[in-house]
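Thank you all for coming this morning. I would like to walk you through one structure, beginning with a loop and ending with aromatic rings, and I will try to go slowly.

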Amino acid sequence: MTTEPLMPRESGKLIASKSQDVTISEDGACNIANTIFGSLKKNEYSVKIWKQHDLHPKLITKETLDWIFVVDTLNFSFWSETNDKRFLVDYRGGTHSGYWALCAAINRALDEDIPITSPSYYSSITMDQLRHIFRSATDTDIPLLDKRLEHLHEAGSVLLEKFGGSFVNCVSQCENKASKLLHLIPENFPSYRDVAMFEGMAVSLYKRAQILIADIWACFEGKGYGKFSDIEILTMFADYRVPQVLNYFGVLKYSSRLQEILHSGRLFTPGERLEVEIRGCSIWAVELIRQKLKDLMTQDSSLSGLTLNSVIIDFYLWDYSKDHWRDMQHIPIHKIRSTLY
């Protein structure tokens, strides 16, 4: 009998309690909580920020739900070896990198009448077709294109065989419960099984499964398909970019051994202890930030009706990394080629 892994919040707590090379600073968590609190108080940040991004869909439709599913099925490993060798996508007068290059490529394909968000299409998409969709404005291709092809074939086949050909039916089965959807996704879609072993325990990080649910919630603004009565069960989405911000703000502190490895640029291996410590401590750090923000909000009646959860904090930190990347160039990410994030 297979033991179910700990869910992300419990995984983060366990990892942080036994971490050897990553520690969480209470002072750092307080500082960043105050920074985020200032933005919330000025009404500069809320769940509505998701749809304000130019490349995110604006319509509340079933087609939008299938768009989100495809994007998050492919939402991994965008970092470039060097700044002069980057995967870039030209779209509607702009040039986009990283995650935004993925969104731009998907939107460009739809504009060209390529049904990339239809499971009946992408379940059997060819490498040549996918290469065309992800054609780059440079001579650097999107990383792990072969794995993206595998993910689309797998996801499309599962949707056709089990869910009537649309991710809408997965969401509908979950009765407005994020917790149910968080079990359904990795149970049915193997590429979303973001699980590692730590201290003899199976721990889940579920970066892409959680961000898939969060994107639906944010796009639909907590209504319709995005209505989840327990959205607070989601944690932050442990990737390589948000830990960089947490380290920049002094929330995550690294041992000299880990700092040396990060600055050397060596590739991490999925599931190795150092990688799991960075990701797990990121989850628990955001939980501490969330609690400190809640404490601040209880002291300010003007924010009593504001939605606050780990999703909002993650969105804020990720956007901060994009808006202030020049300030953080000296802070290394943990380099890894993983399909999990």
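Let us begin with L144, which sits in the loop that runs between helix α7, residues 127-133, and helix α8, residues 145-162. Please keep in mind from here on that what you see is a predicted model. In this model the phi angle of L144 is near 55 degrees, which is a positive value in a residue other than glycine. As for its surroundings, L144 has a relative accessibility of 22%, and because buried means under 20%, this residue counts as partly exposed.

A second loop residue can be described in the same terms, namely E221, found in the loop between α11, residues 207-219, and α12, residues 242-248. The phi angle of E221 is near 50 degrees, again a positive value in a residue other than glycine, and with a relative accessibility of 28% E221 counts as partly exposed.

Now please look at L59, which belongs to the loop between α3, residues 49-52, and α4, residues 62-73. Is L59 buried or exposed? Its relative accessibility is 59%, and so L59 counts as exposed. What I would also point out is that L59 and F220 are 161 residues apart along the chain, while their C-alpha atoms are separated by 8.7 Å.

That brings us to helix packing. Two packed helices are described by the angle between their axes and by the distance between those axes. For α4 and α11, the angle is about 150 degrees and the axes are 10 Å apart, which means that α4 is roughly antiparallel to α11, since angles over 145 degrees count that way. The crossing of these two helices, α4 and α11, is right-handed. On the α4 side the contact is made by T64, L65, I68, F69, D72 and T73, and on the α11 side by R208, I211, L212, D215, I216 and C219. Sorted by character, the residues of this contact between α4 and α11 comprise 7 nonpolar, 2 polar and 3 charged.

The next pair is α1, residues 8-18, with α14, residues 273-298, whose axes lie 7 Å apart at an angle of about 110 degrees. How does α1 run relative to α14, given that angle? An angle from 65 to 115 degrees counts as roughly perpendicular, and therefore α1 is roughly perpendicular to α14. The crossing in which α1 passes α14 is left-handed. Among the residues making the contact are G12, I15 and A16 of α1, together with G280, C281 and W284 of α14. Here the contact of α1 with α14 divides into 7 nonpolar, 2 polar and 7 charged residues.

Staying with α1, its buried residues are P8, R9, S11, G12, L14 and I15. These buried residues pack against strands β4, residues 195-198, and β5, residues 201-204, and also against the helices α11, α14 and α15, the last being residues 310-323.

Finally, the aromatic rings, of which a search of the whole structure finds 15 pairs. In one of them, Y99 with W100, the ring centres are 4.9 Å apart and the planes stand at 65 degrees, so the pair is edge-to-face. Y99 and W100 are both buried. Elsewhere, ring pairs link F69, F163, F167, F189 and Y192 into a cluster, and you may remember F69 from the contact of α4 with α11.

Terms used:
Residues are numbered from 1 along each chain as its sequence is written. This is a predicted model: local features need pLDDT of at least 70, side-chain atom pairs count only at pLDDT 80 or more; totals for chains, interfaces and linings use all residues. Side-chain values use heavy atoms; hydrogens and water are left out. Axes are lines fitted to C-alpha atoms, for helices over the stretch in contact, and angles run from 0 to 180 degrees between N-to-C directions. Helices (H or I, at least four residues) and strands (E, at least two) are DSSP runs, numbered from the N terminus. Angles under 35 degrees count as roughly parallel, over 145 as roughly antiparallel, 65 to 115 as roughly perpendicular and the rest as oblique. A crossing is left-handed if the near helix is turned anticlockwise from the far one by less than a right angle, and right-handed if clockwise. Contact means heavy atoms within 4.5 Å. Ala, Val, Leu, Ile, Met, Phe, Trp, Tyr, Cys and Pro count as nonpolar, Asp, Glu, Lys and Arg as charged, and the others, Gly among them, as polar. Buried means under 20% relative accessible area, exposed over 50%, partly exposed in between (1.4 Å probe, protein chains only). Rings of Phe, Tyr and Trp (its six-membered ring) pair if their centres lie within 6.5 Å; planes under 30 degrees apart count as stacked, over 60 as edge-to-face and the rest as tilted.
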